[in-house]
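Visitor: I would like to question the labels one by one. Where shall we begin?

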Amino acid sequence: MAEIQLKGISKSFDDNKVIKSLDLSIANGEFITVLGPSGCGKSTLLRIIAGLESQSSGDVIIDGREVNNVRASERDLAMVFQSYALYPHLSVQQNLMVPLKLRRLSRLERFPLLNWFLPKRSSKMIELNEKVLQAAETLQITHLMERKPGQLSGGQQQRVAVGRAMVREPVAFLMDEPLSNLDAALRVHMRAEISELHRKLKTTFVYVTHDQAEALTMSDRMAVMMDGEILQHDTPSEIYNNPVNLQVAEFIGSPKINVLPAESDSKGGITCMGLPISLSMKTPKQGSIMLGFRPEHTELLSSNSNNCFEGKITYKENLGSDIYLHVNLKEDQHKMIVRSEPDKALDAKIGDMVKIGWMVDKVMAFERNGQSLPTKSKS
Amino acid sequence: MGHTRSHFWFVSPAVILMFVILILPIFVAATFSFTDYNLGSTDFKWIGWKNYESLGKFSSYSKMFTASLTYVVIVVPVSVLLGLGSAMLISSLRFGGELYKAIFFLPVMATLLAMAYAWEFALDPVMGVINKVLDDGCSVGWFYKFFTGSWLGFNPTESWYGGICSDRMPNWLGNKKYALGSISFIGIWQAFGFNMVLYLAGLTSIPRDLYAAAEIDGANSTWEKFKLVTWPMLGPTHVFVVTITSIRSFQVFDTVEALTRGGPSKSTYMMVYAMYEKGVKQNLIGMGSTLTIVFLGFVLVLTMTQVYFINRKVHYS
Amino acid sequence: MKQRTKLGSEAGKHIVLIVGALVVILPFYLMISFSFKSPSEIQSISGGFFGAQEMMTDHRCLKAGRSEVECTMLPIVYNYRAAFEEAPLLRYLLNGVIVTLSIFAIQVLIALPCAYALAKLKFWGRDVVFGLVIFCLLIPVHAIALPLYLMLAKFGLTNTFAALVIPWTISVFGIFLMRQFFKTIPDDLINAARMDGMSEFSIVWKVMLPSAIPALLAFAIFSVVAHWNDYYWPRIVITGDRDLMTPPLGLRMFKSDMDGNEYGPMMAAATVIVAPLVVAFLLAQRRFIEGITLTGMK
């Protein structure tokens, strides 16, 4: 188990700054997800922690020890790769043995032929075999031990990759989009399994993904990363409910949050497209701001409601459990996506005019530059 | 489907040519290998296995097998390992890799016969640069010490280099002690660039993640990574490179014909040259055909071994 | 510290590779250098790379009754002039071009339709034909040279251009290679061509051929290099008639006609023979390496 700290990490490839002075601290035994769109530098960050890539500046500290010049093989971390990176010429059993052999056996004991004559080797090998078997049992892959990776399905390969990381009992697990090569159903299943594994092992997990569902469901805390910077590092619910800026708000949540322009007056009152919103700013300031309404925090209202948005349905998505209506608002050219209970919107048709309301305590306010603005709802 | 019998016109020229040019000759050779036919005479006798028996009887044929096998046993491993080594060095370079690749590949492109003559001049006992360097080196202290091994405490006059210094520079192609070695050297010089290019292609197809995984798993030296990832991942390349180099070295002809004509005292009497000498130069068709059949047998065995390995061992997916 | 060891190992690798490169280049260096030098410089191993280029007198030119002035020239001029005048080097080069190009043209003409049929047409016996191709891949033409030579002799074809070309007209490797390539071309392209009313014959030459250009180019390099450099087969079927000799065979004749010290002209001839492919290679390295290593795809 380990606590990992990153201090002022930056990384450039030639002139391209991939990571810009980044700080992150990961607590002992925590499951942390680094979430970001592809190309945001999250995989590079993971490889820097692993020691596969060296940072241009800054420190990596594992359990209080600065490891900048420690090689990947000596950091005692395990990693699960997106491509699994199993050795294709070795059987599952042999794949699981590799990290154990390389670490527990001396150079001499690994030397072909000669090693048969070393007294302690066989007892060590029995012990290692035992460990491999244990890991295989945990992951339910004992029946696959003699197969080669090429003969396994994607899900099975994934388990073997996790197994290879597990057998060594590393101080932390690093996972680089481990589920992205699996099909959708299996991905949901493996999500639960990895969470389960974390609960069992109680080791630090650093998990990199671009899939917000994985991040939201699995992690204790998550770090939202964009353009080489961590924008917000907090619990999933905090990030969902109180994003620090518009970028994070737009990245988390599906469908995407609706953003509409609004005005705030000197007393802190807010109007959005002519409608007063019963919300006020904690530090009143006059000017134009933006409001964010998550689709799941809006609703269809009856046709006689007033003080609400009004618009025409352009598209209807029926997901069974929910219906999403895409609405062109009457005022300006703004669009909005509204989530509705199925029975409320069942006979809404494309082209119909509808009225839309919102849950006022869930509305988020942002400055023009995207920074989040603290608000309180008027009671 | 109605569309036509066009396939017939497409396929038949190729099929006819395959039979006439590739398959029929095998039968012709097999047939003549049981005769004493020679191109000058009008008729021939069936002599059964006599030609094959003479392969075992005459010392020139046992010398032929020895020379051919020795050549293959020297050229194949050395040119394969040199190819692998240079490929690994080049692929790990930060700059200049393309230049070395081009240089090492030059011998593959160049007309071997012309280059054989250039080597002949380099290896010439009197006016060749190689002997000139060796000769001049005898009077250069460190060079002499290094190559006689006296820096390791050996007696310099007993060493090979000490010997040629006090006596005479070697006649690389004319002395039967050196001729096969010299021909093999030219063979290696010509072949390793080809192997290098195949290995370079093999190396680039190894996923980078495997090296990262090996590093994480605790393989901290270059050697460990080579053992765990590079060598096994090159499996299919090894099989191919070894087979093609073996078949090609069995076929060595240009250098032998141009530089030694099988001599001195048959020390470089290689199979294809023997086939040419018996069958074409001396018109002994019967014996030449026998050699052809034996040679085909060797090539077939090599290819079958390759097929076996490809199917059995080295395919991972 | 880390940086320095990295630089050190990079330098070490370069040293090893440079030593190797020197050995590889040595015969090329000698060949070109000899083609510049005078006979005396060659025999005494002096004069560096270019030689001193002192005027020299060509004795055989004098014997032929020409004037002293006419017969005095730079060694480099002497060498290359001798190469082109004493041996019909231009004739050899022309023969080389004729033979390699006709071999390639016929190979394509025969292999392409067959490859197309094997890849894209369904017909009775297709698997048998493909099996035959695979089997023939195992037969190196060099190995069956003697019976081929016998057969050609039987028809009186030795010492003709035909003898140089015929054994190579069928390239099973070419068929195999093109078939693999055609397999990757979508059927819909062919079906669309059929819908447009094209005959199978014009599909081969108007649809498949253009789409196969990259593979064909690689095969062209493979084929041309192999046959330009081939010495074994011409040596067997061409005896005596210089008008039919290919460059390597011509060089061989040059060597056996040589009286003692004509190393300079001989290396000049060798340089001229080696140069076209080496220059082409240096200009289009990537393509050449691809083409030559094509055999690696098997």
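Guide: With A:A85, which sits in the loop between β6 (77-80) and α2 (92-104) of chain A. Helices (H or I, at least four residues) and strands (E, at least two) are DSSP runs, numbered from the N terminus. The model is predicted: local features need pLDDT of at least 70, side-chain atom pairs count only at pLDDT 80 or more, and totals for chains, interfaces and linings use all residues. Residues are numbered from 1 along each chain as its sequence is written, while chains are lettered from A and ligands numbered from 1 in the order in which they are written.

Visitor: Why is A:A85 called buried?

Guide: The label is a count of C-beta atoms, placed from the backbone, within 10 Å of the residue's own: 20 or more others is buried, 12 or fewer is exposed, and in between is partly exposed. A:A85 has 26 such neighbours, so it counts as buried. Its phi is near 50°, a positive value in a residue other than glycine.

Visitor: What makes A:D227 partly exposed?

Guide: The same count, with 15 C-beta neighbours inside 10 Å. Phi of A:D227 is positive too, near 50°. This residue lies in the loop between β9 (221-226) and β10 (229-234) of chain A.

Visitor: How do you know that the peptide bond from A:S254 to A:P255 is cis?

Guide: By omega, which is near -5° there. A:P255 belongs to the loop between α9 (246-251) and β11 (258-264) of chain A.

Visitor: Why is α1(A) said to be largely enclosed by the rest of the structure?

Guide: Nine of the nine residues of this helix (residues 42-50) are buried, so the description follows. Among them are A:K42, A:R47 and A:I49. The helix is followed by A:G51, whose phi is positive, near 95°.

Visitor: What makes A:F293 buried?

Guide: A:F293 has 24 C-beta neighbours inside 10 Å, so it is counted as buried. It is part of strand β14 (residues 287-293) of chain A. Contact here means C-beta atoms, placed from the backbone, within 7 Å. Leaving aside neighbours within four places in sequence, A:F293 touches A:I257, A:N258, A:T298, A:W358 and A:V363.

Visitor: Now chain B. Why is it called more spread out than a compact globule?

Guide: Chain B has 15 helices and zero strands. Its radius of gyration is 25 Å, well over the 20 Å that the globule rule gives for 317 residues, so the label applies. The radius is taken over C-alpha atoms, and the rule is 2.2 Å times the number of residues to the power 0.38. Along its principal axes, the C-alpha trace of chain B spans about 70 × 65 × 30 Å. Buried residues make up 45% of the chain.

Visitor: What makes chain C more spread out than a compact globule?

Guide: Chain C contains 16 helices and two strands. The globule rule gives 19 Å for 298 residues; the radius of gyration is 25 Å, so chain C earns the description. Its C-alpha atoms fill a box of roughly 75 × 75 × 35 Å along the principal axes. Of its residues, 44% count as buried.

Visitor: Why are α3(B) and α12(B) called oblique?

Guide: Helix α3 (residues 59-91) and helix α12 (residues 235-250) of chain B pack at about 140°, with axes 9 Å apart. Axes are lines fitted to C-alpha atoms, for helices over the stretch in contact, and angles run from 0 to 180 degrees between N-to-C directions. Under 35 degrees is roughly parallel, over 145 roughly antiparallel, 65 to 115 roughly perpendicular, and the rest oblique. The two helices are therefore oblique to each other. Their contact includes B:Y71 and B:V75 of α3(B) and B:V241 and B:T245 of α12(B).

Visitor: Which hand does their crossing have?

Guide: Right-handed. That means the near helix is turned clockwise from the far one by less than a right angle; anticlockwise would be left-handed.

Visitor: How many residues join chains B and C?

Guide: 73 residues of chain B are in contact with 76 of chain C. Helix α1 (residues 6-32) of chain B gives the largest share of the chain B side, 15 residues. That side divides into 56 nonpolar, 14 polar and three charged residues. Ala, Val, Leu, Ile, Met, Phe, Trp, Tyr, Cys and Pro count as nonpolar, Asp, Glu, Lys and Arg as charged, and the others, Gly among them, as polar.

Note on methods
Two residues are in contact if their C-beta atoms, placed from the backbone, lie within 7 Å.
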